[in-house]
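Biologist: I'm new to this one and would like a close look at a single part rather than a quick tour. Could you pick one and take me through it, then set it against the rest?

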Amino acid sequence: MPATINLCAKIPVDLHQRVCEGKEQTGQTTSQYITDLLTEYFKLKENGGNEIMTNGKTRTMAFQIGEDFFQRIKVHLDRESARLGRKLTQREFVLGLIEQALAEAEAQADAGDEADTAPVSPGEAPEEPNEEEDQTEDTDQR
């Protein structure tokens, strides 16, 4: 067992009540419960506040965007946060867009209509008809 030391702090009454309720729900002693809370807090802090990062089953995607585009996104997030009555995070916004695009692409692939529909990926450009071929076809038909 690691060495221990006493920790004493005055906290607001409502926070104390929440701690008491939490420790009762877990069946832990106050020492065990506070130790677990502080350990979890510091793990979250080490991982940038993201609990998911601690399970080893996530990957990071990072990319840079232009300042103007970034400002447009910020304005949109502020507008959506006001509309929703809660903060819409960049992460939530981007993951929502990715999920939506993947769902559409997967539905399209399942339907077997990939060749007959508009591109799903923004990087895909529809093929432009070759003007020379169009002119050749017109002259051949005369």
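Modeller: Let's start at Gly27, which comes just after H1 and takes a positive phi of about 75°. Helices such as H1 are DSSP runs numbered from the N terminus (H or I, at least four residues; strands are E, at least two). Keep in mind that this is a predicted model, where local features need pLDDT of at least 70 and side-chain atom pairs count only at pLDDT 80 or more, while totals for chains, interfaces and linings use all residues. Numbering runs from 1 along each chain as its sequence is written, and side-chain values use heavy atoms, with hydrogens and water left out.

Now back up into H1 itself. Its 14 residues should span 20 Å at 1.5 Å a residue (times one less than the number of residues), and the end C-alpha atoms are indeed 20 Å apart, so the two agree.

Which residues of H1 are buried? They are Val19, Cys20 and Gly22, where buried means under 20% relative accessible area, exposed over 50% and partly exposed in between (1.4 Å probe, protein chains only). These three cover an arc of only 165° around the axis, so they sit on the same side of H1; the arc is taken from the directions from the helix axis to the C-beta atoms. Turn to the other side of H1 and you find Val13, Asp14, Arg18, Glu24 and Gln25 exposed.

What do the buried residues of H1 pack against? Their partner is H2. H1 covers residues 13-26 and H2 residues 30-46, and the two pack at an angle of about 105° with axes 10 Å apart (axes are lines fitted to C-alpha atoms over the stretch in contact, and angles run from 0 to 180 degrees between N-to-C directions). That makes H1 roughly perpendicular to H2 (65 to 115 degrees; under 35 is roughly parallel, over 145 roughly antiparallel, the rest oblique). On the H1 side, Val19, Gly22, Lys23 and Thr26 make the contact, and H2 brings Thr30, Tyr33 and Ile34; contact means heavy atoms within 4.5 Å. Sorted by type, the residues of this contact are three nonpolar, three polar and one charged (Ala, Val, Leu, Ile, Met, Phe, Trp, Tyr, Cys and Pro count as nonpolar; Asp, Glu, Lys and Arg as charged; the others, Gly among them, as polar).

Val19 and Gly22 deserve a second glance: both are on the list of buried residues of H1, and both take part in the contact with H2.

Upstream, Leu7 lies in the segment before H1. Leu7 counts as exposed because its relative accessibility is 62%. Its C-alpha atom is 9.7 Å from that of Ile34, although the two residues are 27 apart along the chain. Ile34 is also one of the H2 residues in the contact with H1.

As for the rest, the protein chain has five helices and zero strands, and reads α-α-α-α-α along the sequence. Of its 142 residues, 8% are buried. Among contacts between residues at least 6 apart in sequence, 8% join residues at least 24 apart.

Further along, H3 offers something to set beside H1. The buried residues of H3 are Ile73, Leu77, Glu80 and Ser81; they fall within an arc of 105°, so they line one face of the helix. H3 is followed by Gly85, with a positive phi near 80°.
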